[in-house]
Amino acid sequence: MSNETTNERDGLFEMAAAFVGGATRIGLTVASVPLVLLPRNSRRRVRRAMAEVALAVVAFPKELANVSERIVDEIVAAEPPQVSLPSPRQVGEQVRSFTERLSRAAEELGTSFSRAAGRAADAVEQGAAKVDEWVETPPKTPPAQ
């Protein structure tokens, strides 16, 4: 990177830092206006607390960046993980085993459906037989007096 590009970048960072600093000062000043109503000791405590909160807001990203940098350094320095892939023969055996289990499950499901369908058909036949019986037998009426 050329020296001129570095100076331009540093100038942009300085301008951004000056803008953020000015905006923060204005924000803290505006937020502290109602403190005039408080007694002097309370006002000092609240201003110190506001300053601590502002410092925490500034320190948090820095600490986050430090932790992230340390984690990235650990990852880069670590040995690459050893990946052990199964052989094509093992994959084929697992696929065949899965296919067999799947076909057995499909057969069991078909058997269950056919049993359920058979039971339903039997129940329908029994119901139809009762209806036929009821239709074929003449109604019994009491004798007329």
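The following questions and answers concern a predicted model of one protein chain.

Student: What pattern does the protein chain follow, read along the sequence?

Tutor: The secondary structure of the protein chain comes to three helices and zero strands. Read along the sequence, the pattern is therefore made of helices alone: α-α-α.

Student: What radius of gyration does the protein chain have, against that of a compact globule of 145 residues?

Tutor: For a compact globule of 145 residues, a value near 15 Å would be found. The C-alpha atoms here fill a box of roughly 115 × 70 × 30 Å along the principal axes. The radius of gyration of the protein chain is 42 Å.

Student: What share of the residues of the protein chain counts as buried?

Tutor: To count as buried, a residue must have under 20% relative accessible area. The accessible surface of the protein chain comes to about 13300 Å², with 63% of that belonging to carbon and sulfur atoms. Of the 145 residues, the share that counts as buried is 3%.

Student: How far apart are the end C-alpha atoms of helix α2, and what span should its residues give?

Tutor: Helix α2 covers residues 40-77, which is 38 residues. At 1.5 Å a residue these should span 56 Å. The distance in the model agrees with that span, the end C-alpha atoms being apart by 55 Å.

Student: At which residue does α2 bend?

Tutor: The bend in α2 is about 25 degrees. A proline, proline 61, follows the bend within four residues. The residue at the bend is alanine 59.

Student: Is isoleucine 71 buried, partly exposed or exposed?

Tutor: Isoleucine 71 is found in helix α2. With Val67 and Ile75, Ile71 makes a nonpolar surface patch of about 260 Å². Its relative accessibility is 42%, and the range between 20% and 50% defines the middle class. Isoleucine 71 therefore counts as partly exposed.

Student: Which residue forms a salt bridge with glutamate 93?

Tutor: The structure holds one salt bridge, and its closest N and O atoms are 2.9 Å apart. The two residues lie four residues apart in helix α3 (residues 88-136), so about one helical turn separates them. Glutamate 93 is partly exposed at 38% relative accessible area, whereas its partner is exposed at 55%. That partner is arginine 89.

How values were computed
Residues numbered from 1 in each chain as written. Predicted model: local features only at pLDDT ≥ 70, side-chain atom pairs only at ≥ 80, totals over all residues. Heavy atoms only, no water. Expected span 1.5 Å × (residues − 1). Bend = angle between axes of the 7 residues up to and from the residue. Patch = residues over 30% accessible without salt bridge, like charges linked within 9 Å, V, L, I, M, F, W, Y side chains within 5 Å. Areas by Shrake-Rupley, 256 points an atom, 1.4 Å probe, with all protein chains shown as cover. Salt bridge = Lys/Arg side-chain N within 4 Å of Asp/Glu carboxyl O. Buried < 20%, exposed > 50% of the residue type's maximum accessible area, 1.4 Å probe, protein only. Rg over C-alpha atoms; globule rule 2.2 N^0.38 Å.
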